[in-house]
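Here are a few notes from my read-through, set out as numbered points. I hope they are handy while you have the model open.

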Amino acid sequence: MTNASSPPTLPFGPEPEDLLRVACHLSESDTQLPDEVAEAARVVAPGIARLAPAKVRAALESMLMTGNPGAGLQWLYRTGVLDIVLPELSATVNFSQEAGRRHKDVWEHTKQVVFQSSDDPIVRWSALLHDIGKVPTRVMLPNGKVTFHRHAEVGARMFDKVSRRFDFDRGTRQDIRFLIYNHLRANAYSPSWTDAAVRRFDKEMGPRLERLVQLSLADVTSRRPGRKQQAALNVEEMMRRILEIRALDAQVPPLPPGLGNAIMQAFSLSPSRQVGQLRLLCEQAVEAGDLEERREADYYVAYLVSKGMGTATPGATDASGSSTPFMCAPEDPSDDHEH
């Protein structure tokens, strides 16, 4: 007489998309299924590759927006689905951030960050993928320390491939990429930042600032007592200063209103793009902390003269005979995070 074990009862149908529905259900109920069920699901999992990108993306987003997305993410990993749809994320499983500290595993950290994130699909996707750049950038130092230099930038480039795989629309792709690229910046704030530095940060983050702050707060998963509270207070202080500086700038701009006229008079210029370029140079110097704000116009003109602006001839031509601008302010690379 043989004891043949009966096959497990499967809570999903034979179609690959059923595995994604189970992930969403498990996230809503915060449960897991037995190993034998997960093993049976691995047989179905390869069919996920045949699904339309939009269908997979929508299913993953539904799961991410539940109360406990970590349960669904764990199911996707156990069934092999994660290896197929997000190998960049699957590579973070058991990938340590600090030697000998299990809770610093990138995968466990990521699930916690997603759980702590605000109820916003853009923020949740960014939380899910914010640390994928740690895998190719990890360096183990002889003293036991671990570094991940430029992992945010590398992760943003890795997301380019992910975004094409899931066919994100352009606006969503840009928002998520921006948050991944800049996810460390808000938590790097220090009270020692000058007003110019705070203003520059606010300008560079632009309309994505609120989402960046939400992601930054979610990214604190330390078990050290008071670490989360301190991070929250730090970001709160930064936002207070941003709002104060915005209010002040609305009343009294950093540069005097008569600066354009002063530039035209000092350099014998007529109203033109050249004047705007020189004024922009002063604005960038204020943002960089090289010049004080809210000074008289002569102060900024003197700065331009010290930089050699007064020695050029407006409308000069180069060897080809083409007109060259009096001054071309350098582009700010922070204005375009798409490269």
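1. Salt bridges come to 24 in this predicted model. Three of the pairs are described below, with a network after them.

2. Take Arg211 and Asp120 to begin with: their side chains form a salt bridge at 2.9 Å, N to O. This pair connects distant parts of the chain, with Arg211 in helix 13 (residues 209-218) and Asp120 in the loop between helix 7 and helix 8, 91 residues apart. Is each partner buried or exposed? Arg211 has a relative accessible area of 29%, so it is partly exposed. Asp120 has 16% and is therefore buried, since the cut-off for that label is under 20%.

3. Arg177 and Asp160 also meet through their side chains, in a salt bridge of 2.8 Å, N to O. Here Arg177 sits in helix 11 (residues 170-182) and Asp160 in helix 10, 17 residues apart. Both Arg177 and Asp160 are buried.

4. In the salt bridge between Arg294 and Asp249, the closest N and O atoms are 2.4 Å apart. Arg294 belongs to the loop between helix 16 (273-287) and helix 17 (297-306), while Asp249 is in helix 14 (residues 227-251), so the pair ties together parts 45 residues apart in sequence. Arg294 is partly exposed at 25% relative accessibility, whereas Asp249, at 18%, counts as buried.

5. You may also like to look at a network: Asp120, Asp175, Arg208 and Arg211 are joined by salt bridges that share partners.

6. On to the nonpolar interior. The largest nonpolar core has 59 residues, and the members touching the most others are Trp75, Leu76, Leu86, Leu128 and Leu129. Helix 8 contributes the most to this core, with six residues. A separate core of 20 residues includes Leu269, Val275, Ala297 and Tyr300.

7. Which residues does Leu76 contact, leaving aside neighbours within four places in sequence? They are Leu20, Ala23, Leu60, Met63, Val81 and Leu82.

8. Helix 3 deserves a point of its own. With 12 residues (53-64), helix 3 reaches 16 Å from its first C-alpha to its last, close to the 16 Å expected at 1.5 Å a residue. Its buried residues are Val56, Ala59, Leu60, Met63 and Leu64. Why do they lie on the same side of helix 3? Because they cover an arc of only 140° around the axis. The buried residues of helix 3 pack against helix 1 (17-29), helix 4 (69-78), helix 5 (81-85), helix 7 (106-116), helix 8 (121-129) and helix 10 (151-166).

Key
Residues are numbered from 1 along each chain as its sequence is written. This is a predicted model: local features need pLDDT of at least 70, side-chain atom pairs count only at pLDDT 80 or more; totals for chains, interfaces and linings use all residues. Side-chain values use heavy atoms; hydrogens and water are left out. Helices (H or I, at least four residues) and strands (E, at least two) are DSSP runs, numbered from the N terminus. The expected span of a helix is 1.5 Å times one less than its number of residues. Buried means under 20% relative accessible area, exposed over 50%, partly exposed in between (1.4 Å probe, protein chains only). The arc is that of the directions from the helix axis to the C-beta atoms. Contact means heavy atoms within 4.5 Å. A nonpolar core is a set of buried Ala, Val, Leu, Ile, Met, Phe, Trp, Tyr and Cys residues joined through side-chain atoms within 4.5 Å. A salt bridge is a side-chain nitrogen of Lys or Arg within 4 Å of a carboxyl oxygen of Asp or Glu.
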